[in-house]
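User: I have a protein chain here and would like to go through it. Can you help me read it?

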Amino acid sequence: RALTNPRSSTQALTHAFVDQAYTLAREADRALTLDAWRRFATPLAAEQPDEMRSPGVMVVLRNELIRGLATFRWKHDADHMRFLAARDIIIMDRARKERVSQELLGGLIEIAIRDHCARVRAELPRSSAWLDTMWSDPEGSIYRLPIECIRLSPDNNTPADDGTVVTLHLP
């Protein structure tokens, strides 16, 4: 379901917003072309804003403009416990970055709970120390689920299970 407040909402990336999301992705990765973004985002885009499915892309809209996004997918750990892995976390609303980050995290938690995941793992680029500080809750004492933040090395551009993800690093 889409999370809403008077001026912003957290929802699935829909086909109607794929090109608008490119402008955000391009700010994070200047080498990213529109064609490469479309090849990445279009298969993950939903028909309706409330279609949060894995793998997918979640966006935060404020006044109908995308201010943040995160890709997500279910994974299983060594103990076969399902968790929600979030990557490609981009927040461009500098004035409201804490609010946008909390809306993204809230949306990820909602998906994880709905899909019976044991935790959320945020895979953060090294430039996102502030998100690590804000989100990290490995015991689950602050949020409804444990939130594990791991820092990706600069050369860790793809998840271990496939090579189809374009990693977008915050500037």
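**Walking through the chain**

Analyst: We can start with one residue: tryptophan 37 sits in helix α2. Keep in mind that this is a predicted model.

User: Is tryptophan 37 buried or exposed?

Analyst: Buried, because its relative accessibility is 1% and the cut-off for buried is under 20%.

User: How far is tryptophan 37 from arginine 26?

Analyst: Their C-alpha atoms are separated by 8.8 Å, and the two residues are 11 apart along the chain.

User: Let's step back. How many helices and strands does the protein chain have?

Analyst: It has 4 helices and 7 strands. In sequence order, the pattern reads β-β-α-α-β-β-β-α-β-α-β.

User: And how much of the chain is buried?

Analyst: Of the 171 residues in the protein chain, 49% are buried.

User: What about contacts between residues far apart in sequence?

Analyst: Take the contacts between residues at least 6 apart in sequence: 65% of them join residues at least 24 apart.

User: Back to helices. How do α1 and α2 pack?

Analyst: Helix α1 covers residues 18-28, and it packs with α2 at an angle of about 120°, with the axes 10 Å apart. The two helices are therefore oblique to each other. The crossing of α1 past α2 is right-handed.

User: Which residues make that contact?

Analyst: From α1 they are Val18, Asp19, Ala21, Tyr22 and Ala25; from α2 they are Leu34, Trp37, Arg38 and Ala41. Sorted by class, the contact of α1 with α2 has 7 nonpolar and 2 charged residues, with no polar ones. Trp37, where we began, is on the α2 side of this contact.

User: Which residues of α1 are buried?

Analyst: Val18, Ala21, Tyr22, Leu24, Ala25 and Ala28.

User: What do the buried residues of α1 pack against?

Analyst: They pack against α2, β4 and β5.

User: Why would buried positions in a helix be spaced like that?

Analyst: As a general point, an α-helix has 3.6 residues a turn, so residues three or four places apart point the same way.

User: New topic. What is in the largest nonpolar core?

Analyst: That core has 28 residues, and the ones with the most contacts inside it are Ile89, Leu104, Leu108, Trp135 and Ile147. At least two residues each come from β3 (56-62), β4 (65-76), β5 (82-91), α3 (97-114), β6 (120-125), α4 (129-135) and β7 (147-152).

User: Which element gives the most to this core?

Analyst: Helix α3, with 7 residues. Another core, of 21 residues, lies apart from this one, and its members include Leu32, Val59, Leu61 and Leu69.

User: Can we look at a strand residue? Where is valine 57?

Analyst: Valine 57 is in strand β3. It counts as buried because its relative accessibility is 1%.

User: What does valine 57 contact, beyond its neighbours within four places in sequence?

Analyst: Valine 57 is in contact with Gln11, Ala12, Leu13, Leu44, Leu69, Ala70, Thr71 and Phe72. As for glutamine 11, it is 46 residues from valine 57 in sequence, yet the C-alpha atoms are 8.6 Å apart.

User: What about serine 128, buried or exposed?

Analyst: Serine 128 counts as buried, because its relative accessibility is 0%. Its place is the loop between β6 and α4. Serine 128 and isoleucine 90 are 38 residues apart in sequence, with 9.5 Å from C-alpha to C-alpha.

User: Last topic: the backbone. What should I expect in general?

Analyst: Most residues other than glycine have a negative phi, and most peptide bonds are trans.

User: Which peptide bond is cis here?

Analyst: One cis bond joins serine 54 and proline 55, with omega about -5°. Proline 55 is in the loop between α2 (34-41) and β3.

User: And where is phi positive in a residue other than glycine?

Analyst: One case is aspartate 88, with phi near 50°. Aspartate 88 belongs to strand β5. Another is histidine 116, where phi is about 60°. Histidine 116 lies in the loop between α3 and β6.

User: Are those two buried or exposed?

Analyst: Aspartate 88 is buried, at 3% relative accessibility. Histidine 116 is exposed, because its relative accessible area is 69% and exposed means over 50%.

Definitions and conventions: Residues are numbered from 1 along each chain as its sequence is written. This is a predicted model: local features need pLDDT of at least 70, side-chain atom pairs count only at pLDDT 80 or more; totals for chains, interfaces and linings use all residues. Side-chain values use heavy atoms; hydrogens and water are left out. A nonpolar core is a set of buried Ala, Val, Leu, Ile, Met, Phe, Trp, Tyr and Cys residues joined through side-chain atoms within 4.5 Å. Buried means under 20% relative accessible area, exposed over 50%, partly exposed in between (1.4 Å probe, protein chains only). Axes are lines fitted to C-alpha atoms, for helices over the stretch in contact, and angles run from 0 to 180 degrees between N-to-C directions. Angles under 35 degrees count as roughly parallel, over 145 as roughly antiparallel, 65 to 115 as roughly perpendicular and the rest as oblique. A crossing is left-handed if the near helix is turned anticlockwise from the far one by less than a right angle, and right-handed if clockwise. Contact means heavy atoms within 4.5 Å. Ala, Val, Leu, Ile, Met, Phe, Trp, Tyr, Cys and Pro count as nonpolar, Asp, Glu, Lys and Arg as charged, and the others, Gly among them, as polar.
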